[in-house]
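Me: I should like to learn how to read the features of a protein model. Could the explanation begin with the general idea each time and then turn to the case at hand?

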Amino acid sequence: RGSENDWVEECTLTSNLWGKSAEGDLFGYSVKADLHTILVGAPGYNNNKGAVFVFRKSINGDEYLSSQAILGPPEIDENDNFGHSIDLCNNESVLCAPIKDDYVVYAGTSKGGAKTVMAGACYIYRRLD
């Protein structure tokens, strides 16, 4: 081991753990770590729908294990870039899709036809454990 100021590689995280990596996934575009969890954004995943990969530290603390791929809510479409920006604090995360289109909704009505292109959206997730 080196001195206390040296950094040594601990492990390598990839989306290959799911066997789903492809050219243009942009795995690692955004990253957030908090104690025993690392979130890695891949906004180019699945034709730019995007995804966020979750890695949790193993029980003995010597490696990070893949635990989940968050593919976003059902309304995520191609080119929304879910996972472009992410944040994590304890058991809550904010995962954003900056290119998500939105629709105007008036009080007391359902989604209307007026579409706001690339309005963006952020989704809040809570880890249940």
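Reply: Two aromatic rings of Phe, Tyr or Trp count as a pair if their centres lie within 6.5 Å, and planes over 60 degrees apart make the pair edge-to-face. In this predicted model, ring pairs join Phe27, Tyr45, Phe53 and Phe55 into a cluster. The count of aromatic pairs comes to five.

Me: Why is the pair of Phe27 and Phe55 called edge-to-face?

Reply: The ring centres of Phe27 and Phe55 are 6.4 Å apart and the planes stand at 85°, so the pair is edge-to-face. This pair links distant parts of the chain, since Phe27 belongs to the segment before strand S1 (30–34) and Phe55 to strand S3 (residues 51–57), 28 residues apart.

Me: Is Phe55 buried or exposed?

Reply: Residues under 20% relative accessible area count as buried. Phe55 has a value of 0% and is buried, whereas Phe27, at 26%, is partly exposed.

Me: How are the strands of the sheet ordered?

Reply: In general, strands of a sheet pair through backbone hydrogen bonds, either parallel or antiparallel. Here an open sheet of four strands follows the order S1-S2-S3-S4, with antiparallel pairing. S1 and strand S4 (64–70) are at the edges with a single partner strand each, so one side of each has no neighbour in the sheet. From one strand to the next, the twist averages 20°.

Me: How many bridges join S2 and S3?

Reply: Strand S2 (residues 37–42) pairs with S3 over six bridges, in the antiparallel sense. Val40 stands opposite Phe53 in S3, and Phe53 is also one of the residues in the ring cluster.

Notes:
Residues are numbered from 1 along each chain as its sequence is written. This is a predicted model: local features need pLDDT of at least 70, side-chain atom pairs count only at pLDDT 80 or more; totals for chains, interfaces and linings use all residues. Side-chain values use heavy atoms; hydrogens and water are left out. Rings of Phe, Tyr and Trp (its six-membered ring) pair if their centres lie within 6.5 Å; planes under 30 degrees apart count as stacked, over 60 as edge-to-face and the rest as tilted. Helices (H or I, at least four residues) and strands (E, at least two) are DSSP runs, numbered from the N terminus. Buried means under 20% relative accessible area, exposed over 50%, partly exposed in between (1.4 Å probe, protein chains only). Two strands pair if DSSP finds at least two bridges between them. Axes are lines fitted to C-alpha atoms, for helices over the stretch in contact, and angles run from 0 to 180 degrees between N-to-C directions.
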